[in-house]
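I opened my notebook to get to know a new structure. Below is what I looked up, entry by entry.

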Amino acid sequence: MIFVGLRHKVGGDWGIYNKFFEEHKFYDLEHVRLSGDFVYIYINKIANLVGAGIYGVNLFSAIIFFLAINSFLKNTKNKWLGLLICFPIVIVVLGMGYARQGLAFAFVLFLILSLENRKIIASLIYFALALFSHKSSLCCMLFYIFYILYYKNYKFLILCFIGSILIYFLFQASFNHLFFFYLGSGQHMMSWGSIPRTLLLSLVSIIFLYSINDLKLSDYQKFFYKYLSYIILLISPFSFLTSVTTDRILLYYCMIKIIFVS
């Protein structure tokens, strides 16, 4: 937490988040409403109020981040191996680079644990916290579809569909901005790191599917990660076409490496 939280000028987006802090530290409710990233913005505002600056933002985010990783690894056989697997991509790339998405990823881990324990209300709270940290976490709505298919609760599928539409229309401008730069004609970035990360995740998914019957996981976990593996293999080729978008989505799905290896 200290190593990640109190870093100085570390991470490719350091300058962007420093500027973000300066722009959002004052109360501008209209700007907050339009952005929709309430969670991260208010962490910035609180850090400003207590005089902690960008380091307070990063430290608070790191606390949530590592509490989530700890909870996720708590019941695995090899916690330290899981932590080691987390280091290069989850901790360095997400935790120390993509700060907002790293915060969203932490809430997604809590979401997965809540679904495993059939705590739907808690999972929805974590999903909202993730979504209002970084909009890209909307791709984790997929986890509810897995849950619905496993328990055959199809009424909940309708609620998910309606909820997705409502979320889009509430924050239409923000989503349109993301679609323009990540999927539309506004694409102008190439993430070269996406290709090796995607290939590694695809390899893990293939090995997972091959050895799924030998793993000491619950039936729900096997179902969940089996179909997550299929999704990973389905969208992985797009890393050669829309590398940034594919990379951002697959970063949420990389917990399959953690749970499989550990």
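**Entry 1: a loop residue**

Which residues does Thr-76 touch, not counting residues up to four places away in sequence? I looked, and the answer is Ile-259 and Ser-262. I should say early that I am reading a predicted model. Thr-76 sits in the loop between H5 and H6. I noted that Thr-76 counts as buried, because its relative accessibility is 15% and the cut-off is under 20%. I also checked Thr-76 against Val-261: they are 185 residues apart in sequence, yet their C-alpha atoms are 9.5 Å apart in space. The side chain of Thr-76 also reaches the backbone oxygen of Leu-73, at 2.6 Å.

**Entry 2: the whole chain**

Next I stepped back for the overall picture. I found 15 helices and zero strands in the protein chain. The chain has 262 residues, and buried ones make up 51% of them. I then looked at the contacts with a separation of 6 or more: 70% of these are between residues 24 or more positions apart.

**Entry 3: helix H6**

From the loop I moved on to H6, which covers residues 79–95. How many Å does H6 span between its end C-alpha atoms? I read 18 Å, while a straight helix of 17 residues would span 24 Å at 1.5 Å a residue. I looked for a bend and found one of about 65 degrees at Phe-87. A proline, Pro-88, follows within four residues of that bend.

I listed the buried residues of H6 too: Gly-82, Cys-86, Ile-89, Val-90, Ile-91, Val-93, Leu-94 and Gly-95. What covers them includes helix H1, helix H5 and helix H7, along with H12, H14 and H15.

**Entry 4: helix H12**

H12 was my next stop, at residues 194–211. H12 has 18 residues and reaches 26 Å from its first C-alpha to its last, close to the 26 Å expected. Among the buried residues of H12 I noted Ser-194, Ile-195, Arg-197, Thr-198, Leu-201, Ser-202, Val-204, Ser-205 and Phe-208. Which helices do the buried residues of H12 pack against? I found four names: H6, H13 (219–235), H14 (243–253) and H15 (255–261).

I paused at Pro-196, which is found in helix H12. Pro-196 counts as partly exposed because its relative accessible area of 49% falls between 20% and 50%. I compared Pro-196 with Ser-239: the two are 43 residues apart in sequence, and 9.6 Å apart from C-alpha to C-alpha.

**Entry 5: charged partners**

I searched the whole structure for salt bridges and got one. Its partners are Arg-197 and Asp-247, with their closest N and O atoms 2.6 Å apart. This pair links distant parts of the chain, as Arg-197 is in helix H12 and Asp-247 is in helix H14, 50 residues apart. Are Arg-197 and Asp-247 buried or exposed? Both are buried.

**Entry 6: cysteines**

I searched the whole structure for disulfides and came back with zero. Cys-140 is in no disulfide, and the nearest cysteine sulfur, in Cys-139, is 4.2 Å away. Cys-140 is buried, at 0% relative accessibility.

Why is there no bond between Cys-254 and Cys-86? The closest cysteine sulfur to that of Cys-254 is in Cys-86, but at 7.5 Å it is too far for a bond, because a disulfide needs the two sulfurs within 2.5 Å. I noted Cys-254 as buried as well, at 3% relative accessibility. Cys-86 had already turned up among the buried residues of H6.

**Entry 7: two phi angles**

Last, I looked at backbone angles. Most residues other than glycine have a negative phi, so positive values caught my eye. Phi of Lys-9 is near 55 degrees, and Lys-9 lies in the loop between H1 and helix H2. I noted Lys-9 as exposed, because its relative accessible area of 62% is over 50%. Arg-118 also has a positive phi, near 60 degrees. I located Arg-118 in the loop between H7 and helix H8.

Key. Residues numbered from 1 in each chain as written. Predicted model: local features only at pLDDT ≥ 70, side-chain atom pairs only at ≥ 80, totals over all residues. Heavy atoms only, no water. Helix = DSSP H or I, 4+ residues; strand = E, 2+ residues; numbered from the N terminus. Expected span 1.5 Å × (residues − 1). Buried < 20%, exposed > 50% of the residue type's maximum accessible area, 1.4 Å probe, protein only. Contact = heavy atoms within 4.5 Å. Salt bridge = Lys/Arg side-chain N within 4 Å of Asp/Glu carboxyl O. Bend = angle between axes of the 7 residues up to and from the residue. Polar contact = N/O pair within 3.5 Å; in protein donor to acceptor, adjacent residues only side chain to side chain.
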